[in-house]
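Could you walk me through this structure in the viewer, one selection at a time? I would like to know what to click on next and what to look for at each stop.

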Amino acid sequence: MERAPDIAALIAAERRESANVFEELTPAQWDAPSLCAGRRVRGVVAHMSMGFR
């Protein structure tokens, strides 16, 4: 029988990966337009992190 993936561990790993990317952003990159119309990168990241607060 195949073992189910540890979803919590996978989510934690994805959060760490994202945090590592965000940590490297320059101020100009934080203020850059995102692919979401009318939103800057900082707004998209804030939206993405709302569920973790």
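**Stop one: Ile11 and its surroundings**

Start by selecting Ile11, which lies in helix 1. Keep in mind as you go that this is a predicted model. Is Ile11 buried, exposed or partly exposed? With a relative accessibility of 39%, Ile11 counts as partly exposed, because that class covers values between 20% and 50%.

Now add Ile7 and Leu10 to your selection. Together with Ile11, these residues make a nonpolar surface patch of about 280 Å². Colour the three of them alike and turn the model until the patch faces you.

**Stop two: the largest pocket**

Keep Ile11 selected, since this residue is also one of those lining the largest pocket. To see the rest of the lining, add Glu14, Arg15, Ser18, Ala19, Phe22, Val45, Met48, Ser49 and Phe52. The volume of this pocket is about 200 Å³.

Which elements give two or more residues to the lining of the largest pocket? They are helix 1, residues 7-23, and helix 3. Helix 1 provides the largest share, with six residues. If you colour the lining by residue class, you will find six nonpolar, two polar and two charged residues.

**Stop three: Asp31 and its partners**

Next, clear the view and select Asp31, showing its side chain. The structure holds two salt bridges, and Asp31 takes part in one with Arg40 and in one with Arg42.

Look at the Arg40 pair to begin with: the N to O distance in this salt bridge is 3.1 Å. Arg40 is found in the loop between helix 2 and helix 3. With a relative accessible area of 42%, Arg40 is partly exposed, and Asp31 is also partly exposed, at 37%.

Then move to the pair formed by Asp31 and Arg42, where N and O are 2.9 Å apart. This pair links distant parts of the chain: Asp31 sits in the loop between helix 2 (27-30) and helix 3 (41-49), Arg42 sits in helix 3, and the two are 11 residues apart. Arg42 counts as partly exposed too, at 35% relative accessibility. Show all the side chains of this stop together, and you have a single network in which salt bridges with shared partners join Asp31, Arg40 and Arg42.

**Stop four: distances to Trp30**

Leave the arginines on screen and add Trp30. If you draw a line between the C-alpha atoms of Arg42 and Trp30, it should read 5.1 Å, although the residues are 12 apart in sequence. Repeat this with Arg40 and Trp30: they are 10 residues apart along the chain, and their C-alpha atoms are separated by 7.1 Å.

**Last stop: Glu24**

Finally, select Glu24. Where is Glu24 found? Look in the loop between helix 1 and helix 2. Glu24 has a relative accessible area of 61%, so it is classed as exposed, a label that applies over 50%.

To finish, draw one more line, this time from Glu24 to Met50. These two residues are 26 apart in sequence, and their C-alpha atoms are 20 Å apart in space.

Methods. Residues are numbered from 1 along each chain as its sequence is written. This is a predicted model: local features need pLDDT of at least 70, side-chain atom pairs count only at pLDDT 80 or more; totals for chains, interfaces and linings use all residues. Side-chain values use heavy atoms; hydrogens and water are left out. A salt bridge is a side-chain nitrogen of Lys or Arg within 4 Å of a carboxyl oxygen of Asp or Glu. Buried means under 20% relative accessible area, exposed over 50%, partly exposed in between (1.4 Å probe, protein chains only). Helices (H or I, at least four residues) and strands (E, at least two) are DSSP runs, numbered from the N terminus. On a 1 Å grid over the protein atoms alone, a cavity is a set of points where a 1.4 Å probe fits but cannot get out, and a pocket is an open set with protein on both sides within 12 Å along at least five of seven lines; lining residues have an atom within 4 Å of a point. Grid points are joined across faces, edges and corners, and a volume is the space filled by probe spheres set on the points. Ala, Val, Leu, Ile, Met, Phe, Trp, Tyr, Cys and Pro count as nonpolar, Asp, Glu, Lys and Arg as charged, and the others, Gly among them, as polar. Patches are made of residues with over 30% relative accessible area and no salt bridge: like charges are joined within 9 Å, nonpolar side chains (Val, Leu, Ile, Met, Phe, Trp, Tyr) within 5 Å. Accessible areas come from the Shrake-Rupley method with a 1.4 Å probe; for residues, only the protein chains shown count as cover.
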